[in-house]
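Please open the model in a viewer with the backbone shown as a cartoon. The tour below proceeds by selection, from one region to the next.

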Amino acid sequence: MLSWRVRTMSLVIPAVLAAGCSANGVQPTGGGGSAPHATKGDEATARKELSQVKVAVPDPMTGYSRDKYGPAWKDEDHNGCDTRNDILARDLTHVKKRDKCVVISGDLQDPYAGKDIAFTKAHASEVQIDHIFPLALAWRMGAHEWTTDKRAQLANDPGNLLAVWGRPNMQKSDKGPAEWKPQKSFQCTYAEKFIGVAHTYRLSVTRADRTALLTMLDGC
C-alpha cells in the first residue's frame with residue numbers, strides 16, 4: 001500500500017521521474033485505496049522542512065494559465081498512461097480498467113471530507129484529482145519563474161496529487177492552508193504533503209499559510 005505521504009524527490013534527479021517511479025522513487029501500484037495517517041517521524045520531517053521554506057508575499061497572477069504547466073495529465077513518467085489514470089489506479093480500491101490504463105470504476109474513501117464514493121467513468125467528475133499545492137498558488141509563490149518542463153513536473157508529480165471527492169475539491173480551488181482545510185483527521189497528512197511539495201520545489205509560502213500548517217502539525 002502506498003502511503004498518503006508520497007514524498008517528492010529533488011529535481012536534480014529528474015531521471016527517476018522519467019523512469020516511471022513516483023517522486024519518492026516508489027513504483028506506483030494500483031488499487032491503493034485509503035492509507036494510514038502519517039507517523040510522528042513524518043511530522044518531525046515536515047517541521048524541519050517548513051523551517052527551510054521561504055515566507056513571502058504572493059506575486060500577482062499576471063500571465064497565469066493552466067497551459068503554463070504543459071498539457072493536462074501528460075504521461076510525465078512515460079509508463080504509457082496519463083497522470084489522471086495513474087492516480088485513480090493508485091488511490092481507488094476495487095479498480096477496473098479498460099485496456100491497460102483507463103480506470104472505468106472503483107471505490108474511493110475521500111480523504112478531504114470522508115465520503116465514500118463509487119467511481120464510474122460515466123460520472124467521472126464525482127472524483128477529481130487535486131493538486132495539494134494548487135498550481136495557481138504555486139505560480140504566485142515562485143513557479144512563474146520556472147521553465148515549462150519544471151512546471152509540468154509539479155503538475156504531474158504523484159506527491160502533489162490526490163484523488164478526492166469533487167465537491168470539496170471545488171471548494172478548495174486554488175486556496176492555501178490558511179483559507180481551506182480538509183477534515184480534521186486528515187489535516188496532519190495534508191500539511192505534511194503540502195510542506196513536502198513546497199520544500200522539494202523551493203516554493204515559498206505565505207505567513208498565514210505557514211501559521212496554518214504549524215497548527216495542523218500540532219494536531220498530529
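Select β1 and β2 to begin: the two strands pair in the antiparallel sense over four bridges, where pairing requires at least two DSSP bridges between the strands. Helices (H or I, at least four residues) and strands (E, at least two) are DSSP runs, numbered from the N terminus. The model is a predicted one, in which local features need pLDDT of at least 70 and side-chain atom pairs count only at pLDDT 80 or more, while totals for chains, interfaces and linings use all residues. Residues are numbered from 1 along each chain as its sequence is written, and side-chain values use heavy atoms, with hydrogens and water left out.

Show K96 next; S105 in β2 stands opposite this residue. Three residues separate β1 and β2, which form a hairpin. In its turn, D99 has a positive phi of about 65°.

Now add β3. Strand β2 (residues 102-109) is joined to β3 by five bridges, and the two run antiparallel. Label D107 to find its bridge partner in β3, A118.

With these three strands displayed, the open sheet has the order β1-β2-β3 and antiparallel pairing. Because β1 (93-98) and β3 (116-120) stand at the edges with a single partner strand each, one side of each has no neighbour in the sheet. From one strand to the next, the twist averages 10°.

Select helix α3 (residues 83-91), which packs on the sheet and touches β1, β2 and β3; contact here means heavy atoms within 4.5 Å. The direction of α3 makes about 45° with that of β2. Such angles run from 0 to 180 degrees between N-to-C directions, with axes fitted to C-alpha atoms, for helices over the stretch in contact.

Move to helix α2 (residues 40-51), where R47 and E43 lie four residues apart, about one turn of the helix. R47 forms a salt bridge with E43, and their closest N and O atoms are 2.8 Å apart. A salt bridge is a side-chain nitrogen of Lys or Arg within 4 Å of a carboxyl oxygen of Asp or Glu. The whole structure holds five salt bridges.

Finally, select R47 and E43 together as sticks to view the pair within α2.
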